[in-house]
Amino acid sequence: MQKKYCQKEWSRHPFINIIPLKKLFKHFLKRVGVYYQMQGSYRAAIDHFNKIYSRTKFKKFRGSGYSCNACGEMYSRFIPGIAEGNIVKPLEKYQVIAGYGENVFCPNCFSTSRDRLVLAVLQDRFSIHGLDILHMSPEAAISMYLKNHAKVISTDIEPECYKRIDKNTIYADVTSLPFTDATFDMIIANHILEHIPDDDKAMRELKRVLKPG
Ligand SMILES: [Zn+2]
């Protein structure tokens with residue numbers, strides 16, 4: 001189960017599985033015996049190749065009309081997010097909007113529409129300068145913004161999955177947070193609670209560590 005979540009976050013790039021180079025590179029690193037020692041660098045390198053690949057592939061998206069509030073690049077549109085496999089039926093049945101549809105991924109920084117929505121709120125509706133913020137399962141685009149404007153602690157139940165976004169990510173179970181009462185001015189927990197079986201308990205914890213008001 002742990003590995004599954006790691007892979008889920010890791011495979012967020014829609015292109016990751018169609019690059020044969022990835023397999024070759026991984027195979028090479030395993031053969032020379034350094035794959036497990038340098039997984040972080042390996043992933044960074046794959047990220048890098050992905051970016052080059054997608055910038056070429058999505059060159060036709062260049063233009064104006066849409067600007068990314070995470071990286072500042074302009075496009076005529078963003079990359080659609082297409083739901084696949086066993087996720088399609090429940091999405092249709094319950095009419096859930098879960099980050100799928102037109103204009104989801106930024107072709108430059110891969111921020112998603114839901115990342116950019118949170119960023120828009122942070123940029124336009126709040127002054128977060130100097131605030132104490134808890135950021136759960138940190139999204140790269142949001143994490144960078146927070147680190148530049150506030151005092152942020154990143155957490156996840158599998159912190160290793162997020163070290164390449166924030167190397168200081170620490171372990172935290174949202175139903176038993178390792179923080180004293182009234183520690184944070186703001187909590188960002190985007191797409192977290194639907195994964196928590198006891199979400200009532202998680203919400204009590206979120207309330208407990210938030211400062212009153
Ligand atoms: Zn972007």
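Let me start with confidence, since this is a predicted model: among the elements of the chain, strand β5 has the highest mean pLDDT, at 98, whereas helix α1, residues 2-10, has the lowest, at 41. Around that helix, over residues 1-12, the pLDDT is below 50, and in the model this stretch has 10 contacts beyond near neighbours in sequence. The chain as a whole averages a pLDDT of 83, with 84% of the residues scoring at least 70.

With that in mind, let us turn to the overall layout. The chain has 213 residues, of which 23% are buried, and it contains 7 helices and 8 strands. If we take the contacts with a separation of 6 or more, then 54% of them are between residues 24 or more positions apart.

Now I would like to go to strand β6, which spans residues 151-156, and which is mostly covered, with 5 of its 6 residues buried. What does β6 pair with? Its partners include β5, residues 132-136, which runs parallel to β6 and is joined to it by 5 bridges, and also β7, residues 170-171, which is likewise parallel to β6 and joined to it by 2 bridges. You can follow this through one residue, Thr155 in β6, because it helps to have a single point to look at when you turn the model: Met136 stands opposite Thr155, and Thr155 in turn stands opposite Ile170 in β7. Between β5 and β6 in this description comes helix α6, residues 140-149, and the three elements together make a right-handed β-α-β unit.The last element I want to show is helix α5, residues 113-125, whose 13 residues reach 18 Å from the first C-alpha to the last, close to the 18 Å expected at 1.5 Å a residue. Which residues of α5 are buried? They are Asp115, Arg116, Val118, Leu119 and Leu122. These residues cover an arc of only 160 degrees around the axis, and therefore they lie on the same side of α5. The face turned away from that buried side carries Ala120, Val121, Asp124 and Arg125, which are exposed. As for what the buried residues of α5 pack against, the partners are α6, the helix of the β-α-β unit, and strand β8, residues 186-188.

Notes
Residues are numbered from 1 along each chain as its sequence is written. This is a predicted model: local features need pLDDT of at least 70, side-chain atom pairs count only at pLDDT 80 or more; totals for chains, interfaces and linings use all residues. A residue is buried if 20 or more other C-beta atoms lie within 10 Å of its own, exposed if 12 or fewer, and partly exposed in between; C-beta atoms are placed from the backbone. Helices (H or I, at least four residues) and strands (E, at least two) are DSSP runs, numbered from the N terminus. Two strands pair if DSSP finds at least two bridges between them. A crossover is right-handed if, with the strands pointing away from the viewer, the path from the first strand over the helix to the second runs clockwise. The expected span of a helix is 1.5 Å times one less than its number of residues. The arc is that of the directions from the helix axis to the C-beta atoms. Two residues are in contact if their C-beta atoms, placed from the backbone, lie within 7 Å. pLDDT is the predictor's confidence in each residue, from 0 to 100.
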